[in-house]
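Visitor: I am new to protein structures, and I would like to learn how the words used to describe them are justified. Could we look at one together and ask, term by term, where each word comes from?

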Amino acid sequence: MEFDFADEQPKLLMLMYGLIAFVVVVGGLLLLLDVVPAWFARRREAQLVAASASGAPLTRRPKQREGLFAVFFLLPTLLLLVIGLVVPAIRTLLLSLMDSSSSNWVGLRNYGWMFSDNSIVRVLINTLVWVLLVPLVATSFGLLYAVLVDKARFEAVAKSLIFLPMAISFVGASIIWKFVYAYRGEGDQIGLLNQIVVSLGGEPKQWLLESPLNTLLLIVIMVWIQAGFAMVVLGAAIKAIPGDIVEAARLDGVSPWQMFWQITMPSIRPALIVVVVTLSIGTLKVFDIVRTATNGNYDTSVIASEMYNQAFRYGENGQGSALAVFLFILVIPIVIYQIRNLRQQREG
């Protein structure tokens with residue numbers, strides 16, 4: 001098949017425009033965040049050197065001018081925040097109070113539908129199971145890994161292998177695990193799990209079709225990906241424990257179990273909270289795994305996937321927006337808790 005430049009010219013032009021836009025945006029950000037501050041820093045340094053050489057008093061920058069500089073650097077962030085978060089949030093809230101065509105007001109009817117429709121109640125229950133299990137299990141495995149490989153002989157290699165799934169996208173990981181759960185009749189199995197079952201004398205199953213087992217199997221994918229993140233954060237926290245505290249505890253004759261609960265756990269508590277909060281927010285928004293593995297079928301749908309289905313597959317803008325608002329409401333308490341926790345750590 002020969003390449004026809006004339007037929008592909010529009011696509012090539014679009015690609016060129018995209019590259020130019022990328023260069024302009026990235027170059028503008030570098031100019032704003034690196035070149036401009038560096039220029040002001042060099043200018044200020046030159047003023048300090050000149051004032052020191054001449055013995056003249058250094059003129060202080062007016063506070064009003066410092067405020068203008070702060071606004072100048074904060075303005076792009078605030079603008080992006082308003083355009084990318086505030087405006088869509090308000091628009092989604094308004095759409096959740098309208099019907100599927102977004103033309104008539106229906107009040108809170110869409111929210112009533114969420115808790116009265118059995119299929120959506122199942123979605124909410126699935127989301128609750130995800131939020132309860134993923135942070136708990138992933139954090140537990142991450143902590144176990146961090147403790148076991150800490151100061152081990154091949155610590156770097158072991159941590160790299162455990163962290164490796166984090167480099168895989170959720171879609172890629174879901175495809176990998178779909179092969180693990182694959183089912184092929186009564187003959188030879190290509191799925192690792194069914195092959196193990198058959199080799200042990202059992203019967204192969206269509207694992208992703210059996211509820212609620214399929215939800216738990218999807219949770220395994222998320223835990224497999226996120227355990228490495230938990231291990232890295234908690235491993236760094238363990239290494240940050242002062243050595244004199246550990247030595248003093250060992251001189252006092254504490255057992256390894258006592259060392260873990262009385263020294264390690266209290267010392268890494270802030271890191272534990274960060275990991276649990278981060279995993280909780282990420283789990284609430286999980287979409288890729290469910291979409292790729294089961295498309296939300298067989299009672300595996302969660303809020304994010306059902307929100308997509310209602311808004312984009314079924315054309316129910318009001319119901320999809322209501323699910324989006326409810327998801328946002330669920331995230332708010334977690335964010336508030338984390339902010340309060342960080343404030344307490346700063347004050348302490």
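**Reasoning from values to words**

Guide: Let us start with Gly185, which at 29% relative accessibility counts as partly exposed. Please keep in mind throughout that this is a predicted model.

Visitor: What makes Gly185 count as partly exposed?

Guide: Buried means under 20% relative accessible area and exposed means over 50%, so the 29% of Gly185 falls in between and the residue is called partly exposed. Gly185 lies in the loop between α6 (170-180) and α7 (192-199), and its C-alpha atom is separated by 9.1 Å from that of Gln206, which is 21 residues apart from Gly185 along the chain.

Visitor: Why is the pairing of Glu247 with Arg250 called a salt bridge?

Guide: The term asks for a side-chain nitrogen of Lys or Arg within 4 Å of a carboxyl oxygen of Asp or Glu, and the closest N and O atoms of Glu247 and Arg250 are 3.6 Å apart, so the pair meets the cut-off. The structure holds one salt bridge. Glu247 and Arg250 are three residues apart in helix α9 (residues 243-251), and therefore about one helical turn separates them. As a rule, an α-helix has 3.6 residues a turn, so residues three or four places apart point the same way.

Visitor: How do you know whether Glu247 and Arg250 are buried or exposed?

Guide: The same reasoning with accessibility applies: Glu247, at 43%, counts as partly exposed, whereas Arg250, at 53%, counts as exposed, because the cut-off for exposed is over 50%.

Visitor: Why are α3 and α14 called roughly perpendicular?

Guide: Helix α3 (residues 109-116) and helix α14 (residues 317-347) pack at an angle of about 75°, with their axes 9 Å apart. Angles of 65 to 115 degrees count as roughly perpendicular, and therefore α3 and α14 are given that description. The contact is made by residues including Tyr111, Trp113 and Phe115 of α3 and Ala322, Leu323 and Phe326 of α14; by class, this contact has eight nonpolar, three polar and no charged residues.

Visitor: What makes Asn309 a buried residue?

Guide: Asn309, found in helix α13 (residues 303-313), has 5% relative accessibility and counts as buried, because the cut-off for that word is under 20%. Leaving aside its neighbours within four places in sequence, Asn309 is in contact with Arg291, Asn295 and Tyr314. Among the other buried residues of α13 are Ile303, Ala304 and Glu306, and what covers the buried residues of this helix includes α3, α4 (118-149), α12 (288-293) and α14.

Visitor: What is worth pointing out about the backbone at Tyr298 and Asp299?

Guide: In general, most residues other than glycine have a negative phi, and most peptide bonds are trans. Tyr298 has a positive phi of about 60° although it is not a glycine, and Asp299 likewise has a positive phi of about 60° without being a glycine. Tyr298 is placed in the loop between α12 and α13, as is Asp299. With a relative accessible area of 42%, Tyr298 is partly exposed, and Asp299, with 44%, is partly exposed too.

Visitor: Which residues does a cis peptide bond join?

Guide: The cis peptide bond joins Ser211 and Pro212, with an omega of about 5°, and Pro212 has its place in the loop between α7 and α8 (213-239).

Terms used
Residues are numbered from 1 along each chain as its sequence is written. This is a predicted model: local features need pLDDT of at least 70, side-chain atom pairs count only at pLDDT 80 or more; totals for chains, interfaces and linings use all residues. Side-chain values use heavy atoms; hydrogens and water are left out. Helices (H or I, at least four residues) and strands (E, at least two) are DSSP runs, numbered from the N terminus. Buried means under 20% relative accessible area, exposed over 50%, partly exposed in between (1.4 Å probe, protein chains only). Axes are lines fitted to C-alpha atoms, for helices over the stretch in contact, and angles run from 0 to 180 degrees between N-to-C directions. Angles under 35 degrees count as roughly parallel, over 145 as roughly antiparallel, 65 to 115 as roughly perpendicular and the rest as oblique. Contact means heavy atoms within 4.5 Å. Ala, Val, Leu, Ile, Met, Phe, Trp, Tyr, Cys and Pro count as nonpolar, Asp, Glu, Lys and Arg as charged, and the others, Gly among them, as polar.
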